Amino acid sequence: MEQTSPRPLEVTRISARTGWEALNLREMWARRELLWFLAWRDVRVRYKQTILGAGWAVLQPLMQMVVFTVVFGVLLKVKTDNDVSYTLFSFAALVPWGLFSAVIAGTSGSLISNAGILSKVYFPRLLIPIAGAGARLVDFAIAFVILLGMVLAFGLGFSWNILWIPAFLLLLLVTALGFGLWLSAINVYIRDVGMIIPYLISLWEFASPVIYSAQAIPDKWRIVYALNPMAGVLIGFRWCLLGSPPPGPEIWISVGITLLVFLSGVMVFLRVQRTMVDIL
């Protein structure tokens with residue numbers, strides 16, 4: 001009887017790539033099921049053994065809305081766009097801002113919190129921060145439904161401007177992910193970054209039109225103010241939902257800053273991922 005020789009074993013060689021080749025979008029698409037698994041795992045871990053569960057997604061912006069309404073709406077009498085109730089005016093900005101701050105906080109520490117997986121299994125490392133950003137969309141969706149109900153409850157109704165919400169949401173996510181990639185890469189080498197991030201987000205919130213209207217910014221400072229990409233996002237959300245003045249041409253400055261931060265953040269992350277396992 002003729003004996004057949006065993007088939008040679010297939011060898012997969014994993015080598016470091018340089019430049020944009022390290023991004024490897026085809027491989028990331030092939031591992032898209034892992035992306036969904038990581039995002040869902042993040043959602044379950046955050047709400048595990050909690051009493052309110054997903055209710056925390058609404059409770060935090062609602063509590064901020066109450067504090068802001070009392071302090072800035074009642075006591076300081078901050079003016080709003082089109083004389084909209086300050087309660088609705090602040091909540092329309094707190095919902096997207098909550099997503100922005102959550103994505104930055106989640107992605108900046110994603111490599112440190114997943115060090116055990118990164119040192120044992122190979123997969124595109126960029127899936128980790130992307131999954132962290134995607135998991136925060138669950139909280140945003142819940143809070144956004146509450147926001148839509150408040151718009152109707154205050155008798156404003158909706159216009160065709162609401163169709164622009166996905167565009168401003170995309171701008172928000174790209175901005176947050178870009179800064180999150182920068183911070184996550186730096187956090188691998190300097191762990192103090194994780195301690196500084198909450199303070200930076202708090203300062204950034206006051207530098208953005210969350211508690212006040214962007215119309216209060218003098219015209220001569222509009223271009224400088226547009227360097228903050230979240231200014232354009234928040235102006236856009238209020239325009240879509242509350243009928244506030246639309247974003248001006250300065251929005252393109254915000255878009256340019258967002259693309260610059262995101263692309264540079266990806267490059268820095270790809271460089272760090274080649275040595276992050278040894279450091280973690």
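## Exercises: pockets, a cavity and a helix pair

The largest pocket has a volume of about 530 Å³. This is a predicted model, where local features need pLDDT of at least 70 and side-chain atom pairs count only at pLDDT 80 or more, while totals for chains, interfaces and linings use all residues. Residues are numbered from 1 along each chain as its sequence is written, and side-chain values use heavy atoms, leaving out hydrogens and water.

**Exercise 1. Describe the lining of the largest pocket.**

Step 1: Start with the term. On a 1 Å grid over the protein atoms alone, a pocket is an open set of points with protein on both sides within 12 Å along at least five of seven lines, a cavity is a set where a 1.4 Å probe fits but cannot get out, and lining residues have an atom within 4 Å of a point. Points are joined across faces, edges and corners, and a volume is the space filled by probe spheres set on them.

Step 2: Find the centre. Of the 23 lining residues, Q60, G98, L99, S101 and A102 are the closest to it.

Step 3: Look at the elements. α2 (32–47), α3 (56–75), α4, α7 and α9 (193–206) each give two or more residues to this lining, and α4 gives the most, with nine. Helices (H or I, at least four residues) are DSSP runs, numbered from the N terminus.

Step 4: Sort by class. The pocket lining has 13 nonpolar, six polar and four charged residues. Here Ala, Val, Leu, Ile, Met, Phe, Trp, Tyr, Cys and Pro count as nonpolar, Asp, Glu, Lys and Arg as charged, and the others, Gly among them, as polar.

**Exercise 2. Work out how α4 and α7 are arranged.**

Step 1: Helix α4 (residues 86–108) and helix α7 (residues 127–153) pack at about 170°, with axes 8 Å apart. Axes are lines fitted to C-alpha atoms over the stretch in contact, and angles run from 0 to 180 degrees between N-to-C directions.

Step 2: Therefore α4 is roughly antiparallel to α7, a label for angles over 145 degrees.

Step 3: By class, their contact (heavy atoms within 4.5 Å) has 18 nonpolar, three polar and one charged residues.

**Exercise 3. Find the enclosed space.**

Step 1: Searching the whole structure gives one cavity of 30 Å³ or more. The largest cavity holds about 40 Å³ of space.

Step 2: D81, A214, Q215, L234, I235, R238 and P245 line the largest cavity.

Definitions and conventions. Angles under 35 degrees count as roughly parallel, over 145 as roughly antiparallel, 65 to 115 as roughly perpendicular and the rest as oblique.
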